[in-house]
Amino acid sequence: MQIAGRWFDRQTFSDDITLLWEPHVHPLLRCNIWHVRGRDRDLLVDTGLGAASLADEIRDLIDKPMLAVATHVHYDHVGSLHEFDERIIHAAEAERMADYQEFSSLRSADFPPGFLDSFAGPGDYDKYLVDALPHNGFPVDNYLIRSAPPTRTVNDGDEIDLGNRHFEVLHLPGHSPGSIGLLESSRETLFSGDAIYDGLLLDDLPDSNIDDYLATMRRLKNLQVRVVHGGHEPSFDGTRLTELADAYIASRS
């Protein structure tokens, strides 16, 4: 397999938000990584697969303390969490992150037959869920996530304070028990993790719960938001949020 010349891509938004992603990763695992610049500290929402150092990649963005938040513990979102000193996660999944024993694989054969077909995209993913390696010697057959005990656990209604920007923690279970979103009400901006994004939502994983997901969707559709930055796929507006929530409710009710 080829060695990637660059492992991450990025896009900067006008409101001091930078999106990073791993272009050589299968769409199923291609997590959106969000950096938010604050006055007193910065915020990192999810950390990708950890195949290459995220801390090294964003060194040019870091000039103050960093709060790294995991929206949930699925491995495409927590691979580089261990690289950051301040780690935040919902209390329901804290123990799972502290001693990581979750499923994590980059081998296509480790997934159920046909499971990956719904997420097809350009690239050669017949054998692996990456079409390049970050460096020589990368253990693609023995990929593992490092445990990263949280330094702070949060629950619904808690606040994450950057000094000039304030985010309310929303507990959004369904995709996983401890899934969270971060709502910046003053800018009507929601970081939604995998609770909702503009793509195929997964509610049949071992730790998913459809009843919880339905309740989450009913909550989401009533939020006053201008933009949603999801855990996968492009960002979208509040109208689309309502459409996606209604579509899920209709499909599962």
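User: Which residues does T47 touch, not counting residues up to four places away in sequence?
Analyst: T47 touches I33, L54, H77, V78, G79, S80, L81 and F84. Contact means heavy atoms within 4.5 Å. One caution: this is a predicted model, where local features need pLDDT of at least 70, side-chain atom pairs count only at pLDDT 80 or more, and totals for chains, interfaces and linings use all residues. Residues are numbered from 1 along each chain as its sequence is written, and side-chain values use heavy atoms, with hydrogens and water left out.

User: Where is T47 found?
Analyst: In the loop between strand 4 and helix 1 (54-57). Helices (H or I, at least four residues) and strands (E, at least two) are DSSP runs, numbered from the N terminus.

User: Is T47 buried or exposed?
Analyst: T47 is buried, because its relative accessible area is 1%. Buried means under 20% relative accessible area, exposed over 50%, and partly exposed in between (1.4 Å probe, protein chains only).

User: How many residues apart in sequence are T47 and F84?
Analyst: They are 37 residues apart in sequence. In space, C-alpha to C-alpha, the two are 9.7 Å apart.

User: Switching to sheets. What order do the 7 strands take?
Analyst: The order is 1-2-3-4-5-6-7, in an open sheet with mixed pairing. Two strands pair if DSSP finds at least two bridges between them.

User: Which strands stand at the edges there?
Analyst: Strand 1 and strand 7 (152-154). Each has a single partner strand, so one side of each is left without a neighbour in the sheet. On average, neighbouring strands of this sheet are turned by 20 degrees against each other, direction ignored.

User: How do strand 1 and strand 2 run, parallel or antiparallel?
Analyst: Antiparallel: 4 bridges join strand 1 (residues 9-12) to strand 2. T12 has T18 as its bridge partner in strand 2. The two strands form a hairpin with 4 residues between them. In the turn, D16 has a positive phi of about 60 degrees.

User: How many residues of strand 2 are buried?
Analyst: Strand 2 (residues 17-21) has 4 of its 5 residues buried, so mostly covered is a fair description.

User: And which residue is the bridge partner of I17 in strand 3?
Analyst: V36. Strand 2 and strand 3 (residues 33-36) pair in the antiparallel sense over 4 bridges. Strand 3 also pairs with strand 4 (residues 42-45), antiparallel over 3 bridges. There, H35 has L44 as its bridge partner.

User: What about the sheet of 6 strands?
Analyst: That one is open and mixed too, in the order 8-9-10-11-12-13. Strand 8 (159-161) and strand 13 (236-237) are its edge strands, each pairing on one side only. Strand 11 (residues 189-193) and strand 12 (residues 227-230) pair in the parallel sense over 4 bridges. G193 has G230 as its bridge partner in strand 12.

User: Now helices. At what angle do the axes of helix 4 and helix 5 cross?
Analyst: Roughly 150 degrees, with the axes of helix 4 (residues 210-220) and helix 5 (residues 238-252) coming within 9 Å. That makes the two helices roughly antiparallel. Axes are lines fitted to C-alpha atoms, for helices over the stretch in contact, and angles run from 0 to 180 degrees between N-to-C directions. Angles under 35 degrees count as roughly parallel, over 145 as roughly antiparallel, 65 to 115 as roughly perpendicular and the rest as oblique.

User: Which residues make the contact?
Analyst: From helix 4, I210, Y213, L214, M217, R218 and L220. From helix 5, L241, A245, Y248, I249 and R252.
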